[in-house]
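Here are some short exercises with worked solutions. Take a look at the model, then work along step by step.

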Amino acid sequence: MQENTADPAVARPGDPASVAGLAARIPDTSARGIAAAMTDLIRAGELAPGSALPTVRALAAGLGVSPGTVAEAWAVLRKHRMIATLGRRGSVVSGPPTVPHPTRYERVGDFGDHLALDLAVAAPDPALLPPLESALLAGARTPRLNDYARTAITDGLLAAVADSWPYRPDAWMAVGGGYEGVQLLCQALLVPGDRVAVEDPTAARLLDILEALDAQTVPVACDDQGPLPDSLARALTARPALFLHQSRAQVPCGWSLGPERAAALAGVLEGAPNVAILEDDGLGPLTTGPVAVLGAHLPHRTALVRSYSKAYGPDLRIAVVGGPREMVERARVLRTFGTGWTSRILQDALAHLLTDEDAGRCVREAARHYDARRSALAERLAERGVHTANRDGLMLWVPVVDETSALVTLAARGITVSPGSRFCVSYARPHVRVATSRLTRDGAALDQIAELIALAASSSAGRME
């Protein structure tokens, strides 16, 4: 094929972004060498942001390599956000390498001094958390204090969690919160480009983790009982490496798997033996429903991450991973590059809380309060024609006519909620997520909140109240 000399990146041989200019600055023409040389040029400012780059074929011809070699280098540069591909307009320089940002997690508006009510963050109510003083003292008495030996999980914490675990895993590990557990396991199990079947909608943080690892998400449709077996079967035809889902108090829809649905999903997954299974239990002991997990059916390929942060305190930063030895070991090895292990003080502080009767009563009471707060708002919304289906958790998944109009309507009145698009792979119907964990108990105030949310739910782009 004749080279297109009209391409500006090809036609200006003195330009460092032209084929001739780049070929003179790329001594190593392997994919790794091309990516490294391009990185140096971008860091040094020789390739400025916005500079048009040659086509893959043009640069490959100039370097005397296959187009696949250049395409591989371009993929590395895109992953680190140094270049961007603009369809028919080709590729351009974005800037020096950056770290991936959790864009969904960081998508929180700046309301300045106008915010009257924050219903965007579904965080635990500090007033409902158990006191930590005695637990931290107990943690400070942990065996082998200040020993540099890496302790995946202390004997005390293992004894405290084992009896409540829904199946008997081969290996255990304490991690710094639920999302760290999910991130470690995904990093250990996936390579860039892998497909991951994930419930849709799902937690925004889970989608951020998968995006940062350059995984391709395959949506699995859900109803009010969880992922639909037929939709999971269709997703498995894409040959995913992993099925990632939440087993109970699902974010943002608030369902928990029942025994029949869990068995049906496990039956579908039995036909795809190469697919690993990762279950995220983000609310842990605060859930009010029964536990049904895929790990009880397929323990040899299922890891469960259970967080205790929302129930016992975010500053404990503790979750526990239980699963097949190979999966947990991969995640443990990744931790050796950083923290190595979770503080034994914090592990045994949590063990104390899990076995303390007063702390247990406090958590059970907190679960009742959260359930009452969520239900109180849901009932008021239903009276105003806005129906939600959350049966557990710290939020409501509220259907709206138009997401942007709903957000603007509430923001104008000093209320912030989360845009539903943050939680979706495919956004079929607009929603907003409303946090309920810190709602007032005042009935009149709840009526007013419900009235404003109902107003926002009915607002459209052509008719904003």
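**Exercise 1.** In which hand of crossing does α11 pass α12?

Before solving, note that this is a predicted model, where local features need pLDDT of at least 70, side-chain atom pairs count only at pLDDT 80 or more, and totals for chains, interfaces and linings use all residues. Residues are numbered from 1 along each chain as its sequence is written, and side-chain values use heavy atoms, with hydrogens and water left out.

*Solution.*
- Step 1: locate helix α11 at residues 229–236 and helix α12 at residues 259–270. Helices (H or I, at least four residues) and strands (E, at least two) are DSSP runs, numbered from the N terminus.
- Step 2: their axes come within 9 Å and cross at roughly 20 degrees. Axes are lines fitted to C-alpha atoms, for helices over the stretch in contact, and angles run from 0 to 180 degrees between N-to-C directions.
- Step 3: therefore α11 is roughly parallel to α12 (angles under 35 degrees count as such).
- Step 4: the crossing is right-handed, meaning that the near helix is turned clockwise from the far one by less than a right angle.

**Exercise 2.** Work out how the open sheet of three strands is ordered.

*Solution.*
- Step 1: the order is β12-β15-β14, with antiparallel pairing (two strands pair if DSSP finds at least two bridges between them).
- Step 2: β12 (395–399) and β14 (418–419) are the edge strands, each pairing on one side only.
- Step 3: β14 is joined by two bridges to β15 (residues 431–435), and P419 stands opposite V432 in β15.

Methods:
Parallel < 35°, antiparallel > 145°, perpendicular 65-115°, else oblique.
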